[in-house]
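Me: I am new to this structure and should like to learn how to read its features. May we take them one at a time?

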Amino acid sequence: MTEKWENNEEIKIFREYLRIPSVHPNPDYVPCVDFLRRQASSLGMDFKVFYPVNEKNPIVILSLKGSDPSLPTILLNSHMDVVPVFPEKWSHPPFSAHLDSDGKIFARGSQDMKCVGTQFLGALRALKRDGIVLKRTIHACFVPDEEVGGKLGMAKFVHSEDFRALNVGFALDEGIASPTETYPVFYAERPAWRVYFKCSGTPGHGSLLHKNTAGEGVRKILDKMMDFREKEAQRLENNPDLLIGDVTTVNLTRIFGGVQSNVVPPLLTIGFDVRIALDVNLEDFHQQLKDWAKEAGDGVELEFELKEPLIPPTTLDASNIYWTAFKGAIDELKLNIRTQVFPGGTDSRYVREIGIPAIGFSPMGNTPVLLHDHDEFLQADVYLRGIDIFKKIIDKVANC
């Protein structure tokens, strides 16, 4: 039953890419570069590799020249790296690209996001095969490091002369699978803050009741942060029009300190991952955190590991010709979409930060959301349908 998929050239290319274990914490991108060089050759695309940070983190650009190279170009962005795996938790080896009798392709990266990278290439292959001429130059961009923040990849690349030379006018990047027939389309991301409260206090023997201990400061901060978290959770639950990207999320992620169980420590630190809703004033929120630290006691200090600014969302109206073109393709395909704020972080934020509109979209309908999960898979027919969808979208945005 698997023959119709096994013999499909696009599925073969996808599975070959999935078998490359470009996995953290020590991804080797050399096999990805070699794979993409062969793809560029087969597609007749220009091939370049840039190293904005170091030679271990290449950025690969496959370019297809448009009929009017003076126009701003289209960037089709995807990342080569994937998150770690726990092979014992998988039904099939996570880099085998196992294809089962139902057409499910099991592999790390099958949803996040090697699928989109090769779907872009498959769509360009179909456009060339059909003789469709694109006005705008296309740059298929394959970056490293996205899964750990992009600091060694897109974050640096967008500020380089090499990137400016690409003359990018619009970017497509990753989205998320949808378990229904409605596809999420992402136009913004929430600022991410990594917040630490360092709680100092009276040390001493664990058998006594010292005043103003570090643990008391921790309790007060936990109450404030978790009460705020509960309010946001209730707001999300009570309003069916809201999605996770519309509220501020707070999660306790780190607790450390202490020396042994019978010693009251002089310092305990707790850390939170905070993703701030777009309608929240960041200065006011920062002040709220400072006020909570002050209320918790003189020994409580607020620190930030990460404190992102608000990056303006991509405009979704007639003033954005790329959005109009994208939406036109969606309408012609009769797809249901829901525009929303991405719940996590992608490299789109770096593109938007320099003023380039970007849309996150992964055409994986009727598919369980399995990014970063065990047994990540994508159904072969869904993958092939995604190529057709991107073919229409690329045609529209490159000819607008």
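Me: Leaving aside neighbours within four places in sequence, which residues is Leu282 in contact with?

Reply: In this predicted model, Leu282 is in contact with Pro191, Trp193, Ile276, Glu308, Pro309 and Leu310, once neighbours within four places in sequence are left aside. Leu282 itself belongs to helix α8, residues 282-295.

Me: How far apart are Leu282 and Met364 in sequence and in space?

Reply: They are separated by 82 residues in sequence and by 34 Å in space, C-alpha to C-alpha. Met364 does appear among the contacts of Ser178, together with Pro184, Gly365, Asn366 and Thr367, neighbours within four places in sequence being left aside.

Me: Where is Ser178 found, and is Ser178 buried or exposed?

Reply: Ser178 lies in the loop between β7 (168-173) and β8 (182-189). A residue counts as buried under 20% relative accessible area; Ser178 has 5%, and is therefore buried. Its side chain also makes a polar contact of 3.2 Å with the side chain of Thr180.

Me: How should one read a helix, and which residues of α11 are buried?

Reply: An α-helix has 3.6 residues a turn, so residues three or four places apart point the same way. In α11 the buried residues include Tyr383, Gly386, Ile387, Phe390, Ile393, Ile394 and Val397. This helix covers residues 380-398 and reaches 27 Å from its first C-alpha to its last, close to the 27 Å expected for its 19 residues.

Me: What is found at the start of α11?

Reply: There, a side-chain oxygen of Gln379 comes to within 2.7 Å of the backbone nitrogen of Asp381.

Technical notes. Residues numbered from 1 in each chain as written. Predicted model: local features only at pLDDT ≥ 70, side-chain atom pairs only at ≥ 80, totals over all residues. Heavy atoms only, no water. Helix = DSSP H or I, 4+ residues; strand = E, 2+ residues; numbered from the N terminus. Expected span 1.5 Å × (residues − 1). Buried < 20%, exposed > 50% of the residue type's maximum accessible area, 1.4 Å probe, protein only. Polar contact = N/O pair within 3.5 Å; in protein donor to acceptor, adjacent residues only side chain to side chain. Contact = heavy atoms within 4.5 Å.
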